[in-house]
Amino acid sequence: MTLGELTTDTTRFGIAARILHWLMAVLILAMIGIGAAMVGYLGNYGRLLSWHKTIGLAILALAVIRIAYRLRRRPPPQIDTMSRPERLVATGSEILMYALFLLQPIIGWALVSASGVPIRVLGGLRVPAIAPADAELYAALRTAHSALAYLLVFPLTAHICAVLFHALVLRDGLLRRMTFPYRR
């Protein structure tokens with residue numbers, strides 16, 4: 001398949017959307033793993049926290065880019081095998097995931113800001129605080145950050161299960177819309 005074919009296939013998401021999708025998927029799954037390790041205090045907590053902050057800001061930047069891209073470019077039409085209720089659930093869960101992709105890192109950034117500790121990512125790059133240093137605010141944001149992390153697991157799991165159902169049971173080509181073509 002040529003680059004022209006990659007960009008003109010109207011049954012697939014655009015190449016930029018596919019790259020953003022899979023890059024965010026990897027980063028979000030990594031964050032879930034790192035977050036779980038941080039809760040259990042496995043490994044070097046300081047290193048985990050540094051990775052968590054860096055990846056969180058990357059997810060925030062990618063989410064903004066992805067939403068801007070999505071607002072400018074219409075996705076391909078939904079596949080015919082999806083019923084109206086299924087399309088509504090898919091759209092609703094997608095909106096929820098996009099909202100959480102923005103809220104979760106912003107609340108995390110505010111949480112670290114409220115701790116009063118300077119925010120450093122990528123081994124030393126300083127990031128400005130977006131909230132005042134305040135112990136009560138920190139506690140509230142930490143609770144919200146944890147609750148949103150657990151909430152995010154639900155639409156992500158539903159999304160993955162729905163895609164697997166379409167790919168393995170229905171075999172209707174849904175997954176093909178977001179994958180990259182290959183030749184044998």
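The following exchange concerns the fold, pockets, surface and selected residues of a predicted model.

Colleague: In what order do the elements of the chain run from the N terminus on?

Modeller: The chain holds five helices and two strands. Its C-alpha atoms fill a box of roughly 50 × 35 × 35 Å along the principal axes. Read from the N terminus on, the order of the elements is α-α-α-α-β-β-α.

Colleague: What percentage of the residues in the chain is buried?

Modeller: A residue counts as buried when its relative accessible area is under 20%. Of the 184 residues in the chain, the buried share is 33%.

Colleague: Which element gives the most to the lining of the largest pocket?

Modeller: The largest pocket has a volume of about 1400 Å³. Its lining comprises 49 residues, and those nearest its centre are Phe13, His21, Glu94, His159 and Met178. Two or more lining residues come from each of helix H1 (3-8), H2, helix H3 (45-72), helix H4 (84-115) and H5. The element that gives the most, with eleven residues, is H2.

Colleague: How many residues of each class, nonpolar, polar and charged, are in the lining of the largest pocket?

Modeller: The classes are assigned by residue type, with Gly counted among the polar residues. On that basis the lining of the largest pocket divides into 29 nonpolar, ten polar and ten charged residues.

Colleague: Which element supplies the largest share of the lining of the second largest pocket?

Modeller: The second largest pocket holds about 970 Å³ of space. It is lined by 35 residues, with Gly35, Met38, His52, Gln104 and His145 closest to its centre. At least two lining residues are supplied by each of H2, H3, H4, strand S1 (119-121) and H5. The largest share, nine residues, comes from H4.

Colleague: How many charged residues does the lining of the second largest pocket have?

Modeller: Among the residues of this lining, 25 are nonpolar and eight are polar. The number that are charged is two.

Colleague: Which two residues meet in a salt bridge, and how far apart are the N and O atoms?

Modeller: Side chains of opposite charge can pair when their charged atoms come close. The cut-off for a salt bridge is 4 Å between the side-chain nitrogen and the carboxyl oxygen, and the count by this rule is one. The pair is glutamate 94 and arginine 70, with an N to O distance of 2.9 Å.

Colleague: Which helices does this salt bridge link, and how many residues separate the partners?

Modeller: Glutamate 94 is partly exposed because its relative accessibility is 28%, and arginine 70 is likewise partly exposed, at 24%. The pair links distant parts of the chain, with glutamate 94 in helix H4 and arginine 70 in helix H3, and the separation is 24 residues.

Colleague: Which element gives the most to the nonpolar surface patch?

Modeller: The patch, of about 790 Å², is made by Leu29, Ile32, Val153, Ile160, Leu164, Phe165, Leu168, Val169 and Leu170. Two or more of these residues come from helix H2 (15-39) and from helix H5 (135-170). With seven residues, the element that gives the most is H5.

Colleague: Is leucine 168 buried or exposed?

Modeller: Leucine 168 is found in helix H5 and is one of the residues of the nonpolar patch. Its relative accessible area is 56%. Because the cut-off for this class is over 50%, leucine 168 is exposed.

Colleague: What is unusual about the phi of arginine 171?

Modeller: Most residues other than glycine have a negative phi. Arginine 171 lies in the segment after H5 and counts as exposed because its relative accessibility is 66%. Its phi is positive, near 50°.

Colleague: How far apart in space are glycine 173 and valine 163?

Modeller: Glycine 173 is found in the segment after H5 and is partly exposed, with a relative accessible area of 35%. Ten residues separate glycine 173 from valine 163 in sequence. Their distance in space, C-alpha to C-alpha, is 9.7 Å.

Colleague: What distance separates the C-alpha atoms of leucine 122 and methionine 82?

Modeller: Leucine 122 lies in the loop between S1 and strand S2 (125-127) and is exposed, with a relative accessible area of 65%. Leucine 122 and methionine 82 are 40 residues apart along the chain. The separation of their C-alpha atoms is 43 Å.

Notes
Residues are numbered from 1 along each chain as its sequence is written. This is a predicted model: local features need pLDDT of at least 70, side-chain atom pairs count only at pLDDT 80 or more; totals for chains, interfaces and linings use all residues. Side-chain values use heavy atoms; hydrogens and water are left out. Patches are made of residues with over 30% relative accessible area and no salt bridge: like charges are joined within 9 Å, nonpolar side chains (Val, Leu, Ile, Met, Phe, Trp, Tyr) within 5 Å. Accessible areas come from the Shrake-Rupley method with a 1.4 Å probe; for residues, only the protein chains shown count as cover. Helices (H or I, at least four residues) and strands (E, at least two) are DSSP runs, numbered from the N terminus. Buried means under 20% relative accessible area, exposed over 50%, partly exposed in between (1.4 Å probe, protein chains only). On a 1 Å grid over the protein atoms alone, a cavity is a set of points where a 1.4 Å probe fits but cannot get out, and a pocket is an open set with protein on both sides within 12 Å along at least five of seven lines; lining residues have an atom within 4 Å of a point. Grid points are joined across faces, edges and corners, and a volume is the space filled by probe spheres set on the points.
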